[in-house]
Amino acid sequence: MTRVRIAQLSCGPEYSGVQKEIDAAAAAVDAEIFFPDLKLADLKQSYDEFGLDVRSPDLKLAIARAKALVEGRIEADAVFIATCFRCAEAAIVRNELRRFIHENSKLPVVSYSFTERTTSGTLLTRMEALTTIARRRALLAREVQQGLTMGIDSGSSTTKAVVMRDNTIIGTGWLPTTAVLESADEAIRRALSEAGVTREEIQAVGTTGYGRFLVGDHVNADLIQEELTVNSKGAVFLADAQHGPSTVIDIGGMDNKAISVQDGIPGTFTMGGICAGASGRFLEMTSKRLGVDITELGPLAMKGMSRKVPMNSYCIVFGTQSLVNALAAGSTPEDVAAAACHSVAEQVFEQQLQEVDIKEPVIMVGGTSLIQGLVRAMEELLQTKIIVPHHAQYIGAVGSALLASGFIKGD
Amino acid sequence: MAKVFIYPTTSLILSDLVARFGHTPLSAALQIRDRIQTPGLESPPLQITPEGPKKGLRWAAVEVPSGVRGRMSLYGPMIEEAEAAIIINNPDFSFGCMGCARTNELINFLIRKRKVPILDLEYPETDEEGVEFVAAIKRFLDDLNGGAA
């Protein structure tokens, strides 16, 4: 496939001054944005048939365009739905169109609510994931890791490396991210050491995470891939859920990902988080304030009752204030830990999980999935059992190592 | 000659009618033409940059979506400049399409608040209504000149 063609269904970006940013993000991943052309008569008919009575003509146009895409009257490789942040009418349309396209076509779709501050950098990972799904379906269909490969996940909080041989993890390395390249080198060293192999023996390398390009260049990676597709692949591989639907939740150090997956390939996904209050960073702060290691926060939270402490970490500053107030008022560390976990889970639930279709099994991954209190809080909110696979914190590195095996010479 | 704000502001037909009958139309097409012809700007397709929504704060508060504020940065100055207005209610998409319903509500409110002469018309559905539609616009525009044709 040459250039990936992404159909844009939107209201407002050209008037918000961000259309240029959307175009730039697409161009950066060798894709082009286009607006599906419709006849006026088709517009009216499609809009009426869809049945959602909105007042904004641009939203009516978006609905008609979605119908044309789903019915195959217009060809596209992927769909990008964008509307103004804080517009209720547009939010309803955005969600319904995303669901409509997901349920009625195989087109990968991502929706986004922008402000005038949205930049191409913010959109890049989403566009990269969209184009990967469209362009590399064959690669993403890979279910078995072969040969000796390594995956490196250069995350905002931690750097992870994994060495795999013939579908088995044989070495892991993990450390907090400081200087990106030094952290990657150390994670690699640890993973290779545990695996008992040398760098020269590794047949293919994949990188993901925020530092993927820098680290990818540094290690001469065969595959440099955003974390949405890689994490989906890693999650279904580790959870043994490669076939059928699943939902992957990754509450990261800087942002969160919620991905609706079908046969290991993301269909719809959201990425973001309004504030660090809804991320692993808030849980790190909580553990510091409670004087416990982050690894102890989960077991502590399991002993507490979140309902006993009012806490809303919508903003990390106010969330920390609630935490301090609760401790000053005599709340137990157990209840505070449970409340912090509940608060983070609640925000991911309210802000992100509403934008993807939750289908079982639900798989939680990333370092925060090891905090049992957070997983329990999410289970309560979703009313379902959540799978946390072994090696869940290495999800990106595992996904990279798995996909990288498609690049072994002669494969 | 009066500056006449038109709604939908994107209507080329309405803009042309106003100009033909001797007045200056305040329309989106002319505003956007000015922007596109301004050297140094590179923000296609409308040459509205992220500064637009910030300028729009004059007419809509910060909690209003950026698309509304960006549109108001275009239409707000036209409303303030208007000496008269022609408003077509329930127009067909082909006549002129205003994308955002919230912006349209605000535009209609602000132009009426100006207390300038306003012609309110329903979009014509038949040929007869169409003829009367154009005649009503001509009468209104003539009256702005003190009745001179």
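Visitor: How many helices and strands are there in chain A?
Guide: The model is a predicted one. In chain A, the strands number 14 and the helices 16. The count is therefore 16 helices and 14 strands.

Visitor: What radius of gyration does chain A have, and what would a compact globule have?
Guide: Chain A holds 411 residues, and a compact globule with that number would have a radius of gyration near 22 Å. The C-alpha atoms fill a box of roughly 65 × 65 × 35 Å along the principal axes. The radius of gyration of chain A agrees with the globule value, because chain A has 22 Å.

Visitor: What percentage of the residues in chain A is buried?
Guide: A residue is buried if 20 or more other C-beta atoms lie within 10 Å of its own. Among the contacts in chain A with a separation of 6 or more, 72% link residues 24 or more positions apart. Of the 411 residues in chain A, the buried share is 56%.

Visitor: In chain A, where is confidence lowest and where is it highest?
Guide: The mean pLDDT of chain A is 90, and 98% of the residues score at least 70. Confidence is lowest in strand β12 (residues 265-272) of chain A, with a mean of 81. It is highest, at 97, in chain A's strand β8 (residues 204-208).

Visitor: Which element gives the most to the side of chain A that touches chain B?
Guide: On this side, 23 residues of chain A are in contact with 24 residues of chain B. At least two residues each come from α1 (13-16), α2 (19-28), α3 (40-50) and α4 (57-70) of chain A. By character, the residues of this side of chain A divide into eight charged, six polar and nine nonpolar. The element that gives the most, with three residues, is α1(A).

Visitor: Which are the edge strands of the open sheet in chain B?
Guide: Four strands of chain B form this open sheet with parallel pairing, in the order β2-β1-β3-β4. Neighbouring strands are turned by 25 degrees against each other on average, direction ignored. Pairing on one side only marks the edge strands of chain B, β2 (24-26) and β4 (118-122).

Visitor: Which residue stands opposite B:Ile6?
Guide: Strand β1 (residues 3-7) of chain B runs parallel to strand β3 (residues 84-89) of chain B, and four bridges join them. Opposite B:Ile6, in β3(B), stands B:Ile86.

Visitor: What angle does the direction of helix α1 of chain B make with that of β1(B)?
Guide: Helix α1 (residues 12-20) of chain B packs on the sheet and touches β1, β2 and β3 of chain B. Relative to the direction of β1(B), the direction of this helix makes about 160 degrees.

Terms used: Residues are numbered from 1 along each chain as its sequence is written. Chains are lettered from A and ligands numbered from 1 in the order in which they are written. This is a predicted model: local features need pLDDT of at least 70, side-chain atom pairs count only at pLDDT 80 or more; totals for chains, interfaces and linings use all residues. The radius of gyration is taken over C-alpha atoms; the globule rule is 2.2 Å times the number of residues to the power 0.38. A residue is buried if 20 or more other C-beta atoms lie within 10 Å of its own, exposed if 12 or fewer, and partly exposed in between; C-beta atoms are placed from the backbone. Two residues are in contact if their C-beta atoms, placed from the backbone, lie within 7 Å. Ala, Val, Leu, Ile, Met, Phe, Trp, Tyr, Cys and Pro count as nonpolar, Asp, Glu, Lys and Arg as charged, and the others, Gly among them, as polar. pLDDT is the predictor's confidence in each residue, from 0 to 100. Two strands pair if DSSP finds at least two bridges between them. Axes are lines fitted to C-alpha atoms, for helices over the stretch in contact, and angles run from 0 to 180 degrees between N-to-C directions.
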